[in-house]
Amino acid sequence: MANADVIFYLYKKDNFSLDAIVGLGVGVAILNNTIVNTDSSRIAFYSDARVGLGANHDNNRFGLAFSLPIYPA
């Protein structure tokens, strides 16, 4: 899976900052059906968007992000 995130600083002062995170991820998986012993396999594509907020204070970081599936596998 490949991810790209962008961080926008909303507020920054001395040792504290507040930021917004926006990201996009895409991936490919090959799924094999080995549980029921069949020879079927398929390729699955996946993509998602992420949004979130983050905060930094001194050397500590706190972030909360949500992943929203665009094209689930």
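How many helices and how many strands does the secondary structure of this protein come to? Zero helices and four strands. Keep in mind that this is a predicted model. Read from the N terminus, the order of elements is β-β-β-β.

Some overall figures next. The protein has 73 residues, and 19% of them are buried. The exposed surface comes to about 5,800 Å², with 62% of that supplied by carbon and sulfur atoms. On contacts: take those between residues at least 6 apart in sequence, and 39% of them join residues at least 24 apart.

Now the aromatic side chains. A pair of aromatic rings is described by two quantities, the distance of the centres and the angle of the planes. There is one aromatic pair in this structure. Its members are Y11 and F16, with 6.3 Å from centre to centre and 55° between the planes. The pair counts as tilted because its angle falls between the limits, under 30 degrees for stacked and over 60 for edge-to-face.

Are the two residues of that pair buried, exposed or something in between? Y11 has a relative accessible area of 41%, so it is classed as partly exposed. F16 is also partly exposed, because its relative accessibility is 33%. For both, the reasoning is that buried means under 20% and exposed means over 50%.

One more ring to look at, that of Y9. What sits over it? The charged end of K12 does, at 5.2 Å from the ring centre.

To recap the side chains: Y11 pairs with F16 in a tilted arrangement, and K12 has its charged end over the ring of Y9.

Key:
Residues are numbered from 1 along each chain as its sequence is written. This is a predicted model: local features need pLDDT of at least 70, side-chain atom pairs count only at pLDDT 80 or more; totals for chains, interfaces and linings use all residues. Side-chain values use heavy atoms; hydrogens and water are left out. Rings of Phe, Tyr and Trp (its six-membered ring) pair if their centres lie within 6.5 Å; planes under 30 degrees apart count as stacked, over 60 as edge-to-face and the rest as tilted. Buried means under 20% relative accessible area, exposed over 50%, partly exposed in between (1.4 Å probe, protein chains only). A charge sits over a ring if NZ of Lys or CZ of Arg is within 6 Å of the ring centre and within 35 degrees of the ring normal. Helices (H or I, at least four residues) and strands (E, at least two) are DSSP runs, numbered from the N terminus. Contact means heavy atoms within 4.5 Å. Accessible areas come from the Shrake-Rupley method with a 1.4 Å probe; for residues, only the protein chains shown count as cover.
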